[in-house]
Amino acid sequence: MRNIAAVIAVASIPLFAIGCSSSPGSVSKSDVETKTAGVFHDKSHEDAKSTVCDGSLKAEVGATQQCTVTSADNQTWKTTATVTKVDGDTASYDIVFADKFLGPDDIATNVSKFYQDKVGTAPTSSTCNGLLRGATGASVRCVITETDATRWGVTVTTTNVEGETVNYNMVVDDQPMP
């Protein structure tokens, strides 16, 4: 297999999740950090290296709290938790990422389709690690496994963002992985 490149446009995935917590008057800083780390894991399939919020989240509709998630590869992801509803001692809130991104499952699906279009057969599997940030030059690594168990590395790099669409290209390594 040779170096193959293509440009694929994919709309970004939803950027929020809803969480709840109980505490009179506020959601504790540690609860917001835990929920934010959980949302990061759900989106990226990776554990956060660290999650730090500026403080607790006031249990008042519209109240916000800023957090920063650091991924295993030391990328930082800014998030905002915003209270959407308060019912007694329970505050519901959304967690929104500041940057557009694509999740590893969406990228892996497109890498598989791209591979099948170029080679003529579907790979046995295609996996990617982490979130692809919607910023020119951001990248993630993926691995395609062929039916004979040969594995190829693929670098997926953001080329640009147009509105809600993150455009990226894929380049397959020149040599199979050991």
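1. Terms and basis. A residue counts as buried under 20% relative accessible area, as exposed over 50%, and as partly exposed in between, with a 1.4 Å probe and protein chains only. The model is predicted: local features need pLDDT of at least 70, side-chain atom pairs count only at pLDDT 80 or more, and totals for chains, interfaces and linings use all residues. Residues are numbered from 1 along each chain as its sequence is written, and side-chain values use heavy atoms, with hydrogens and water left out.

2. Overall composition. The chain has two helices and 14 strands; these are DSSP runs numbered from the N terminus, with H or I of at least four residues for a helix and E of at least two for a strand. Of its 178 residues, 40% are buried. The accessible surface is about 8800 Å², and carbon and sulfur atoms account for 48% of that area; the areas come from the Shrake-Rupley method with a 1.4 Å probe, and for residues only the protein chains shown count as cover. A contact requires heavy atoms within 4.5 Å. Among contacts between residues at least 6 apart in sequence, 53% join residues at least 24 apart.

3. Largest nonpolar core. Such a core is a set of buried Ala, Val, Leu, Ile, Met, Phe, Trp, Tyr and Cys residues joined through side-chain atoms within 4.5 Å. The largest one holds 19 residues, of which Ile107, Val111, Leu132, Cys142, Val154, Val156 and Met170 touch the most other members. Two or more residues each are given by helix 2 (104–119), strand 12 (139–145), strand 13 (151–162) and strand 14 (165–172). Helix 2 supplies the largest share, five residues. A second, separate core has 18 residues, including Leu57, Cys67, Trp77 and Phe101.

4. Ile107. This residue belongs to helix 2 and is buried, its relative accessible area being 0%. Beyond its neighbours within four places in sequence, Ile107 contacts Leu102, Cys128, Leu132, Val140, Cys142, Val156 and Tyr168. Between the C-alpha atoms of Ile107 and Gly130 the separation is 9.9 Å, with their positions 23 residues apart along the chain.

5. Thr79. Strand 7 (residues 76–87) contains Thr79, which is buried at a relative accessible area of 2%. Leaving out residues up to four places away in sequence, Thr79 touches Thr36, Gln65, Gln66, Cys67, Ile95, Val96 and Phe97. One of these partners, Thr36, is also listed among the buried residues of helix 1.

6. Helix 1. The expected span of a helix is 1.5 Å times one less than its number of residues. For the 16 residues of helix 1 (residues 29–44) this should give 22 Å, and the end C-alpha atoms are 22 Å apart, which agrees. Buried in this helix are Val32, Glu33, Thr36, Val39, Phe40, Lys43 and Ser44. Seen down the axis, they fall within an arc of 125°, so they line one face of the helix; the arc is that of the directions from the helix axis to the C-beta atoms. Thr34 and Asp42, on the other side, are exposed. His45 follows helix 1 and has a positive phi, near 65°.

7. Salt bridges. Side chains of opposite charge can pair when their charged atoms come close. The criterion is a side-chain nitrogen of Lys or Arg within 4 Å of a carboxyl oxygen of Asp or Glu, and the structure holds four such bridges. Three of the pairs are set out in points 8 to 10.

8. Asp99 and Arg133. Their side chains meet in a salt bridge at 2.2 Å, N to O. Asp99 sits in the loop between strand 8 (90–97) and strand 9 (101–102) and Arg133 in strand 11 (residues 132–133), so the pair ties together parts 34 residues apart in sequence. Asp99 is partly exposed at 30% relative accessible area, whereas Arg133 is buried at 12%.

9. Lys100 and Glu164. The closest N and O atoms of this salt bridge are 3.6 Å apart. Lys100 lies in the loop between strand 8 and strand 9, and Glu164 in the loop between strand 13 and strand 14, so parts 64 residues apart in sequence are tied together. Lys100 is partly exposed at 23% relative accessibility, and Glu164 is partly exposed at 48%.

10. Asp173 and Arg141. In this salt bridge the closest N and O atoms are 2.9 Å apart. Asp173 is in the segment after strand 14 and Arg141 in strand 12, so the pair ties together parts 32 residues apart in sequence. Asp173 is partly exposed, with a relative accessible area of 23%; Arg141 is partly exposed at 36%.
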